[in-house]
Amino acid sequence: MAARANGGYQVVIGLEVHAQLLTESKMFCACSSRYADAPPNTVVCPICLGMPGVLPVINEQAVEMTILTGLALNCRIPSHAKFDRKNYAYPDLMKWYQISQYDLPFCVGGHLDVTVDGINRRLGITRVHLEEDTARMIHGRDETGEDYSLLDVNRSGAPLMEIVSEPDMKTAAEAREYLMSLRNILVYLDVSTANMQEGAFRCDANISVWPRDGEIGNSKVEVKNMNSFRSVYRALEFEEERQIAVWESGEGPPEQETRGWHEASGTTVSQRTKEYAHDYRYFAEPDLPPLVLDKAWVDDIAARMPELPSVLETRLIETVGIRADDARQLINNRELLRYFEKATAGYGDPQRVANWITRDLVKALGDAGASPSESPVGPGDLIELLKLEDSNRVSGKMARDIFRTMFETGRSAADIVAQQGEQITDQDEIRQAVRKAIQENPKAVADFQAGKTQAAGFLVGQVMRATRGRANPARVNELIAAELG
Amino acid sequence: MLDRIDGVDARVRAYITLTPDLAMRQAAEADERLKHPDAPRLCGVPLALKDVLSTRNVKTTCGSKILGNFVPPFDATVVGMLRDAGAVTVGKTNMDEFAMGSSTENSGFFPTFNPWDLDRVPGGSSGGSAAAVAADECIAALGSDTGGSVRQPAALCGVVGMRPTYGRVSRYGLVAFASSLDQIGPITKDVKDCAILMQAISGHDALDSTSLRAEVPDYESSLHADVAGLKVGLPREYMAAGVDEGVRGVVLEAIDRLTEAGMEIVDISLPHTEYALATYYVIAPAEASANLARYNGVKYGYFDPDSDGVEELMMNSRGTGFGAEVKRRIMLGTFALSSGYYDAYYLRAQKVRTLIKRDFDRAFESVDLIATPTSPTVAFPVGEKVDDPISMYLSDVMTLPGPIAGIPGISVPCGFSEGLPVGLQFMAPPLGETVLLRAAYAYEQLAGVESATARKAV
C-alpha cells in the first residue's frame with residue numbers, strides 16, 4: 001500500500017466467477033440439480049456418471065438463465081453459440097473432458113457499473129458462458145493414518161455459469177464491490193443462490209502489479225480457494241503487497257503462477273507454475289449441434305427481466321426516500337428487502353421502518369442466527385408495534401424492549417402491552433414518582449444543586465425503574481428539571 | 001440358431017458373449033406375440049449385436065480389455081427398439097477394439113475368422129457381426145460404421161451392410177469412437193432384411209441431439225419402386241490404382257448390369273477423394289482421444305490392482321487396458337488437437353471435410369447415386385496387415401469419404417474374386433436410404449441372390 005500511495009505501482013485485477021444455476025435438472029441429463037441434501041452418489045445417472053455410450057442433451061432453462069444474466073450485464077448475445085470439449089485428466093471429471101464453451105459463448109462484451117468510495121466505475125465483462133460442474137472430491141485420513149479420497153458424483157453435470165471480467169479493477173475494494181454487485185444481480189434474476197460458502201458462487205482472481213512508470217505486461221498470478229467476499233478482499237490485498245515486495249527486491253515481474261489462498265495464515269501459497277500450464281485441446285462438441293440464438297427467443301428472455309438491484313437501489317433512495325446506507329443494506333439481503341417491502345406496504349414512514357430493520361431486526365436475527373424469513377416478528381407485527389409508538393401508547397424505549405420480547409417469545413405487541421401496561425403520560429402520576437425519587441435520593445439532589453448536572457440522569461433512572469420503564473422519558477426530564485429548578 | 005452357433009462358432013469366433021437364456025426368454029415372449037396377426041416384422045427373429053452397443057445387464061466390452069468386465073445399467077436406444085419389435089438377441093459380437101480396425105484382429109480378446117475362408121479376416125471393425133450373419137449364426141446383426149466398419153466387413157463376408165445417414169439412427173448407447181462419424185447400421189443376408197431392420201431402428205431420439213427429426217419412410221415398400229432412369233455416377237477416383245484387378249473387374253461388370261434395369265451410368269469426379277484418408281485419420285482420432293479419456297479404472301471396467309494411489313491407478317489401468325492400435329490413435333488425436341498443431345491438423349482437416357462434402361453435393365446435382373467397390377481388396381489373410389497400419393487403413397479408402405460427408409451407403413454382394421466375395425457400394429445424398437435400398441434391391445434381383453453357401457468353409 002505504502003509504495004502505491006507513493007505513486008510507485010499500479011494493480012490490474014480480473015475476476016472469473018463460477019455460479020451454479022437454479023435449474024430444475026442438471027446441464028445435460030434429467031437428474032435433479034437440487035442434490036444438496038441428498039446422500040452422496042444418489043442423484044446420478046449414466047449420463048452424469050459419464051458411462052460409455054451416453055450423450056448430452058442441452059438444458060434449455062440453463063441457456064435461458066445464462067442469456068438473461070448476459071442481458072443484465074449489458075452483454076451482446078451473438079447469433080450463434082456452440083459447446084466445446086475442454087480436455088483434462090482429473091478424477092473428479094467423469095469423462096475426462098468438460099463440456100464448456102470456448103470461442104462462441106452465449107454472451108460477450110458487457111459491463112457492470114459500480115461505485116467505490118463515491119467514484120463510479122464501469123467494469124468490463126468479457127463473456128458469460130455455460131458449462132458442466134465436476135464431481136466433488138473429499139479428502140481424508142483414516143485411523144491408521146492412510147490418506148483417502150472419496151468421490152461424490154451428485155454435483156457432476158450440474159449447470160455452471162462462468163462470468164469473466166475484463167482486467168479493469170485496480171483495487172481489492174473494487175473487486176469486492178464487483179463481486180457483491182454481481183452476486184446481487186444473480187440473486188435478483190433468480191438464476192443462482194450465489195451463496196459463496198455453499199460453493200454456489202466461486203471466484204478465481206487474476207492479479208498483477210506493475211511499476212506505474214512502466215508498461216503493463218502479460219504475466220499474472222491466478223489466486224484460487226477463496227470462499228467469502230472477505231477472503232477475496234484479503235487475498236488480493238495480500239497478493240498486491242507480495243508482488244510489490246517482489247518488485248522492490250529487484251526480482252519483478254513476479255512469476256506467472258497459480259496460488260491458493262490460506263484463510264488461517266492470511267497468505268497465498270504457490271500451487272502451480274507456468275511449466276505445468278494446461279493444454280486443454282478444445283474442440284467443438286460433436287454430440288451437440290451449434291445453437292442458433294434466434295432474436296425472437298432472446299427478446300422473449302429479455303422481456304422476463306426483473307428490476308435489477310442497481311435500479312431498485314436508486315428507487316429506494318430517490319422515490320421511497322430512505323438513506324443510501326440503509327438502501328444498500330436492504331439490497332444486499334434480498335429477504336431483508338422483502339421484509340421491508342411488506343412492512344412499508346401498510347405504513348407511511350419508510351425510513352422509520354428501515355431504521356427498525358437495519359438496527360433492531362438485524363441485530364436480533366444475528367443473535368439468533370436466523371434469516372429474515374424466519375423472524376418470529378413478521379413485517380405486520382413490526383408495524384403493529386410502530387403504530388403503538390405513534391399513538392404514544394408506548395415510548396420509544398418501551399418499543400425497543402417490547403420488540404425484543406416479541407422476538408424472543410413470539411407474542412404480539414398488543415399482548416405484551418396489555419400485560420405490562422401502556423406508557424404513563426399522565427402529568428400527575430409522573431410528578432408523584434419524581435417527587436418520590438427526589439425524597440429518596442438527597443445525595444443526588446445535593447450533587448445536582450452543586451452543579452453536577454449528570455446527577456439528573458440518575459434521578460431519571462430511578463423514576464423509570466419505579467415505573468418499570470413506562471414513564472414518558474421526555475416528561476420525566478421536564479418534571480425533574482422543574483422540581484429541582 | 002443356438003445349435004448352429006454351438007456347431008460353428010468355435011471356428012468362426014464371431015461372438016464375445018452369448019446370451020442363450022435371454023434369447024430363450026425373448027423367444028417365448030415372441031411366440032406369444034406371434035399369435036396376434038399384428039405382430040411386428042422382427043418378432044421372433046434372432047439377431048446379433050456388435051459389442052459396442054450398450055445392453056442392460058449384459059456385458060458390453062467394445063472388444064477391449066479395459067471394459068472386459070463392464071456390465072451397463074442401460075440399453076442403447078436401438079437395443080430397446082429391437083426388443084420392442086420382438087427381436088431375439090442371441091449375443092454380442094466381436095470387433096476391433098473400440099471399432100478401431102478393419103480386420104477384427106485388433107479385438108482385445110481373439111480374432112474372428114471369415115466364414116468363406118477361415119484363414120482370412122472377416123473385415124472390420126464389425127467383423128463379428130458380418131461373420132455371424134455369413135455363417136448363419138444369426139439372421140441379421142447390427143454393426144457400427146465410423147469409416148466403413150459395417151460396409152467393408154459386409155463386403156468381405158458376402159452379406160449386405162448399410163450405413164445410414166448421420167443422425168438417421170440414434171447413437172444413444174453406441175459407445176463412442178468418433179462422435180461426428182459414428183452410425184449404427186444393419187448387416188443382413190439380403191436387401192429386404194436390411195430394409196426391415198432399418199425400419200426398426202430409424203427415427204428421432206430425444207436422447208441424441210444429433211438425431212434427425214425427418215420422418216421415417218416405409219423402407220420395405222420402397223424396394224419395389226422403379227429404378228429405370230436413375231442416374232448412377234461412377235467416380236473415376238475410386239477406380240484408380242490401389243484397387244485390386246479382380247475386384248475392379250467384378251465391380252465394373254456389376255455396374256454394367258445396372259443398365260439392364262434401366263439405370264444410366266455416368267462418369268463423375270470427386271476431386272478431393274485423395275484427401276479423405278488423411279482427413280479421417282485426423283478427425284476420428286481427435287474425437288476418439290476425448291471419447292476414450294473416461295476409461296481410467298476409477299469408475300468401472302479394468303483397473304490395475306497393484307497401483308499405489310489414484311494417479312498411478314489411472315495411468316496403469318489405461319496402459320494395460322488399451323491395445324496398441326487404440327493407444328496409437330489416442331496419441332494421434334491428442335497430437336492433432338495440441339496447441340501449436342491444432343491449426344495445421346484439426347482445423348485444416350475440418351476445412352477439407354467441407355470440401356469433400358461439397359464434392360458429393362456437386363455430384364448429386366447430376367446423379368441420384370454413386371457406385372464404387374466397397375473395398376479395394378477381397379478378404380486378406382489373417383496376420384497380413386497387422387504390423388502395417390497404413391496398409392490396414394487403406395482397406396477403408398472407399399468407405400471413408402461417405403461418413404466424412406455424412407451421407408448413407410450400402411454394400412451388396414456382387415460376385416467373387418479369387419473365390420472370395422466382392423462388395424458393390426452405393427452412396428446417396430443425405431436421407432437417400434430409399435433410393436439406396438431400391439438400387440441395391442434391383443441389382444440383387446438382376447444378379448440373383450447367390451446361394452454360394454456350399455463354397456463357405458462353415
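**Domains of chain A, the fold of chain B and their contact**

Chain A of this predicted model splits, by the domain assignment, into domain 1 (2-298), domain 2 (309-420) and domain 3 (427-484). Measuring over C-alpha atoms, the centres of domain 1 of chain A and domain 2 of chain A sit 37 Å apart. Where these two domains meet, 6 residues of domain 1 of chain A are in contact with 5 residues of domain 2 of chain A. On the domain 1 side, helix 3 (residues 172-188) of chain A gives the most, with 5 residues. Sorted by class, that side of domain 1 of chain A has 4 nonpolar residues, 1 polar and 1 charged.

Turning to chain B, its secondary structure comes to 15 helices and 11 strands. With a radius of gyration of 21 Å, close to the 23 Å that the globule rule gives for 458 residues, chain B is as compact as a globular protein of that length. Along the principal axes, its C-alpha atoms fill a box of roughly 70 × 60 × 45 Å. Buried residues account for 59% of the 458 residues in chain B. As for contacts in chain B between residues at least 6 apart in sequence, 76% of them link residues at least 24 apart.

Then there is the contact between the two chains, to which chain B brings 34 residues and chain A brings 25. On the chain B side, helix 9 (276-291) and helix 11 (324-337) each supply at least two residues. The largest share there, 3 residues, comes from helix 9 of chain B. By class, the side of chain B that touches chain A is made up of 19 nonpolar, 10 polar and 5 charged residues.

Note on methods. Residues numbered from 1 in each chain as written. Chains lettered and ligands numbered in written order. Predicted model: local features only at pLDDT ≥ 70, side-chain atom pairs only at ≥ 80, totals over all residues. Contact = placed C-beta atoms within 7 Å. Helix = DSSP H or I, 4+ residues; strand = E, 2+ residues; numbered from the N terminus. Nonpolar A, V, L, I, M, F, W, Y, C, P; charged D, E, K, R; others polar. Rg over C-alpha atoms; globule rule 2.2 N^0.38 Å. Buried ≥ 20, exposed ≤ 12 C-beta atoms within 10 Å, placed from the backbone. Domains from an automatic or database assignment.
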